[in-house]
Amino acid sequence: MPRELPQNHFCPWREEAEELKERLTSLEAKMATLERHVFGKRTEKLPTVATELRKDADSTAARA
């Protein structure tokens, strides 16, 4: 992990490095949001017991 430079240290690349660090943080947050959207929990709607019983009764009646 890179170490932090003192604030009074001047380097021509410092400004660009700080901008890239901010951009990386922003992109990581967006990626995490998209991953939750794609891979997150989804509620699956299962048929109720009454609906299943009705289907069974209808299919039995149709066969008879």
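Arg14 has a relative accessibility of 15% and is therefore classed as buried, the cut-off for this class being under 20%. The assignment refers to a predicted model. Burial is assigned to 2% of the 64 residues in the protein.

The secondary structure of the protein consists of two helices and zero strands. The accessible surface amounts to about 6900 Å², and carbon and sulfur atoms contribute 61% of this area.

One salt bridge was found when the whole structure was searched. The side chains of Arg14 and Glu18 form a salt bridge, with an N to O distance of 3.1 Å. Both residues lie in helix α1, and because they are four residues apart, about one helical turn separates Arg14 from Glu18. The accessibility of the acidic partner was also computed. Glu18 has a relative accessibility of 38% and so counts as partly exposed, since this class lies between the 20% limit for buried residues and the 50% limit for exposed ones. The salt bridge of Arg14 and Glu18 thus joins a buried residue, Arg14, to a partly exposed one, Glu18.

Further acidic residues were examined for clustering of charge. A surface patch of negative charge is made up of Glu15, Glu16, Glu19 and Glu22. Among these residues, Glu19 is located in helix α1, which spans residues 14–39. The relative accessibility of Glu19 is 48%, so this residue is counted as partly exposed. Membership of a patch requires over 30% relative accessible area and no salt bridge; Glu18, by contrast, is engaged in a salt bridge with Arg14.

Methods: Residues numbered from 1 in each chain as written. Predicted model: local features only at pLDDT ≥ 70, side-chain atom pairs only at ≥ 80, totals over all residues. Heavy atoms only, no water. Patch = residues over 30% accessible without salt bridge, like charges linked within 9 Å, V, L, I, M, F, W, Y side chains within 5 Å. Areas by Shrake-Rupley, 256 points an atom, 1.4 Å probe, with all protein chains shown as cover. Salt bridge = Lys/Arg side-chain N within 4 Å of Asp/Glu carboxyl O. Lys, Arg positive; Asp, Glu negative; His and termini not counted. Charge placed at Lys NZ, Arg CZ, Asp CG, Glu CD. Buried < 20%, exposed > 50% of the residue type's maximum accessible area, 1.4 Å probe, protein only.
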